[in-house]
Amino acid sequence: MTATRLDGKATAAAIRTELTDRVSALADAGRRPGLGTLLVGDDPGSRWYVDAKHSDCAQVGIASIQRELPADATQADVLAVVADLNADPACTGYIVQLPLPRQVSEAAVLEAMDPDKDADGLHPTNLGRLVLGVPGPLPCTPLGIVELLRRYDVPLAGAEVVVVGRGVTVGRPLGLLLTRRSENATVTLCHTGTRDLAAHTRTADVVVAAAGVPGLVTAEMVKPGAAVLDVGVSRVDGKIAGDVAGDVVEVAGHVAPNPGGVGPMTRAMLLSNVVTLAERAARPVLA
Ligand SMILES: Nc1nc2c(c(=O)[nH]1)N[C@@H](CN(C=O)c1ccc(C(=O)N[C@@H](CCC(=O)O)C(=O)O)cc1)CN2
C-alpha cells in the first residue's frame, strides 16, 4: 500500500485563490489588509519563511510591511518595532518571526503585541481564548493541520490522535484545537520524554510528528491506514529532514510530507488570519 499524499502546496494554492475575493472586498471598502513581519537576525531559513509569506501576500492582494533588525538587536529595539506595528493603521496583522536571538525574550515580545493584530495567534490573550473556546486568531500550523485533514476528508470526530511534540507553536495548541467540540478528537500529547512512544503511535488513527527529531516515526510505529503528518524541521547535510521516516508511506493511509505538506498550509493560514483580522477591524465599515 502507498499512502495518499496530503498535498499542502496544492491545498494552500486553492486557499489563496479563495481569499482573493475577501481581500478585494476589503480593498474596495478602503480597508486593504496589510501583513507586517519583523525578522531579527540573518538566519537563512527564517528569511526564506518571511520572504515566502510576503510573496504569498502579493498573490492575494495583501499589502506588505517588512521590518528587519540585526542579530545583535536589543529587547528594547525589538519592542520599539512592535510598538510601531501596533500603531501603524496600514498594518492590520503582523508576526514576529521565531526564533528570536537569545538576548531577546520571546514571551515579552509576544505579550507586547496588540492581540487584535496577532496574525500568528500566539499572544497570551489569544492562546487563552483558544483554551476558553472564545473566537480569536489561532496558531497557523495547528490550523493548517486541521484544514488539510478536513479537505482530504480524514475524519477527526472520535479519532485517536497522537501529537508528538509539546512546543507552543504546534503541539500544545494543536491538542486544544483537536479537542474542541467541532473537531471532537481524542488527543494524546507525547514528547521526547515519553517512555514508550511506539506504544502510543501504534494505536493512533492520526499521528502528527512535530518533535524536530529526524526519522523519529518509523513504519513499525504506525497503524496500517493511519494518517501521518510530518511537521518536524531539522537540517541534515543542508537539507530539510522531517520527523517521519521514508518507509511510513508503505503503511499509512495518508501522509503529509515535509516539505510540501504542513509548511505551505502554515503560510496559507497566516493569510487567512490576516484577512479575518482585517474584516473584524473593518466591521463597522463593511456592515
Ligand atoms: N512567527 C512564527 N515563527 C515561526 C513559525 C510560525 O508559525 N510563526 N513557524 C515556523 C516557521 N514557519 C513559519 O514561520 C514556516 C515553516 C515552513 C514553511 C514552509 O512553507 N516550508 C516548506 C519548505 C521550505 C524550505 O524548503 O525550506 C514546506 O514545508 O514545503 C513555512 C513557514 C518557525 N517559526
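This passage walks through a sheet and its helices, the surroundings of the ligand, an annotated binding site and a few unusual backbone spots in a predicted model.

Start with the sheet. Three strands make up an open sheet in the order 3-2-4, and the pairing is parallel. Strand 3 (63-69) and strand 4 (93-96) sit at the edges, each with a partner on one side only. Averaged over the sheet and with direction ignored, neighbouring strands are turned by 15° against each other. In general, the strands of a sheet are held in pairs through backbone hydrogen bonds, in either a parallel or an antiparallel way. Here, strand 2 (residues 34-40) pairs with strand 4 in the parallel sense, over four bridges. To find the register in the viewer, look for Leu35, which stands opposite Gly93 in strand 4.

Two helices lie across these strands. Helix 2 (residues 44-60) crosses strand 2 and strand 3, and runs at about 170° to strand 2. Helix 9 (residues 262-281), for its part, lies across strand 2 and strand 4, at about 140° to strand 4.

Both helices turn up again around the ligand. The shell holds 19 residues, and the closest are Tyr49, Ile95, Leu98, Pro259 and Gly263. Helix 2, strand 4, helix 6 (140-151) and helix 9 are the elements that give two or more residues each. Helix 9 gives the most, with four residues. Sorted by class, the shell comes out as ten nonpolar, seven polar and two charged residues.

Two of those closest residues also take part in cis peptide bonds. One such bond joins Leu98 and Pro99, with omega at about 0°, and Pro99 is in the loop between strand 4 and helix 4 (106-112). The other joins Asn258 and Pro259, with omega at about 5°. Pro259 belongs to the loop between strand 11 (254-256) and helix 9.

Next come the annotations. An unreviewed UniProt entry lists residues 139-281 as "domain: Tetrahydrofolate dehydrogenase/cyclohydrolase NAD(P)-binding". Over that stretch the chain is 31% helix and 19% strand, and the end C-alpha atoms are 19 Å apart. UniProt (unreviewed entry) also places the feature "binding site" at Gly165, Arg166, Gly167 and Val233. These positions span 69 residues in sequence, but no two of their C-alpha atoms are more than 14.3 Å apart, so they gather at one spot.

Two glycines of this annotated site are worth a look. Gly165 is in the loop between strand 5 (160-164) and helix 7 (171-178), and the loop between strand 5 and helix 7 is where Gly167 lies too. Gly165 has 23 other C-beta atoms within 10 Å, so it is buried. Gly167 has 15 within 10 Å and is therefore partly exposed. Setting aside neighbours within four places in sequence, Gly165 is in contact with Val170, Gly171, His191, Ala210 and Ala211. With residues up to four places away left out, Gly167 touches Arg172 and Ala210.

Finally, two residues other than glycine have a positive phi. For Asn184, in the loop between helix 7 and strand 6 (186-190), phi is near 65°. Asn184 has 13 C-beta neighbours inside 10 Å, so it counts as partly exposed. Asp237 has a phi of about 50° and is found in the loop between strand 9 (234-236) and strand 10 (239-241). Asp237 counts as exposed, because it has 5 C-beta neighbours inside 10 Å.

Methods: Residues numbered from 1 in each chain as written. Predicted model: local features only at pLDDT ≥ 70, side-chain atom pairs only at ≥ 80, totals over all residues. Pairing = 2+ DSSP bridges. Axes fitted to C-alpha atoms, helices over the stretch in contact; angles between N-to-C directions. Contact = placed C-beta atoms within 7 Å. UniProt positions renumbered as here; feature names shortened; annotations may be inferred. Buried ≥ 20, exposed ≤ 12 C-beta atoms within 10 Å, placed from the backbone. Near = placed C-beta within 6 Å. Nonpolar A, V, L, I, M, F, W, Y, C, P; charged D, E, K, R; others polar.
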